[in-house]
Amino acid sequence: MIFSTVNKIPGFVLEKLDILFLLLKERKLEYEAFAGKVSDKQLKRTVLTLAQETNQYANELCSQIETMGGN
C-alpha cells in the first residue's frame, strides 16, 4: 500500500485553528451555563442544541487539526 505523506501545514495555521478550537469549547460551556439559567423550556432546548452543534464543530476541527499533523 502507498500512504501519502502528511501535508506540510504552516505552524501559524495550526495555531490559529487551535485558537478557534478553544473558542468553540469555551462557547459551548457558556451556552450550557446560560441554558441552566433559562426557565423557558423551548429556549433552553434551543440553546442546548446550539451548545451541542458548537461541540460537534469543535470535535470535527480537532480531527482536522490532528490530520494536518497538529496535536
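How many helices and how many strands does the chain have? The chain has two helices and zero strands. The model shown here is predicted.

**View 1. The whole chain, with its two helices.** The radius of gyration of the chain is 16 Å. The globule rule gives 11 Å for 71 residues, and 16 Å is well over that, so the chain is more spread out than a compact globule. Along its principal axes, the C-alpha trace spans about 55 × 30 × 10 Å. Of the 71 residues, 21% count as buried. The chain exposes about 5,700 Å². Carbon and sulfur atoms supply 58% of that exposed area. Now take the contacts with a separation of 6 or more: residues 24 or more positions apart account for 67% of them.

**View 2. Helix α1, residues 11-37.** This helix has 27 residues. At 1.5 Å a residue, helix α1 should span 39 Å. Its end C-alpha atoms are 40 Å apart, which agrees with that expected span. Which residues of α1 are buried? They are L14, L17, F21, L24, K28 and A35. What covers these buried residues includes α2, residues 41-67.

**View 3. A35, a buried residue of helix α1.** A35 is found in helix α1. Is A35 buried or exposed? A35 has a relative accessible area of 1%. Buried means under 20%, so A35 counts as buried. Which residues does A35 touch, leaving out those up to four places away in sequence? A35 touches K44, V47 and L48. T46 also belongs in this view. A35 and T46 are eleven residues apart along the chain, and their C-alpha atoms are separated by 8.6 Å.

**View 4. N55, a residue in helix α2.** The relative accessibility of N55 is 19%. The cut-off for buried is under 20%, so N55 counts as buried. Leaving out residues up to four places away in sequence, N55 touches K25 and K28. K28 is itself one of the buried residues of α1. With which side chain does the side chain of N55 make a polar contact? The partner is the side chain of K25, at 2.8 Å.

Methods:
Residues numbered from 1 in each chain as written. Predicted model: local features only at pLDDT ≥ 70, side-chain atom pairs only at ≥ 80, totals over all residues. Heavy atoms only, no water. Helix = DSSP H or I, 4+ residues; strand = E, 2+ residues; numbered from the N terminus. Expected span 1.5 Å × (residues − 1). Buried < 20%, exposed > 50% of the residue type's maximum accessible area, 1.4 Å probe, protein only. Contact = heavy atoms within 4.5 Å. Polar contact = N/O pair within 3.5 Å; in protein donor to acceptor, adjacent residues only side chain to side chain. Rg over C-alpha atoms; globule rule 2.2 N^0.38 Å. Areas by Shrake-Rupley, 256 points an atom, 1.4 Å probe, with all protein chains shown as cover.
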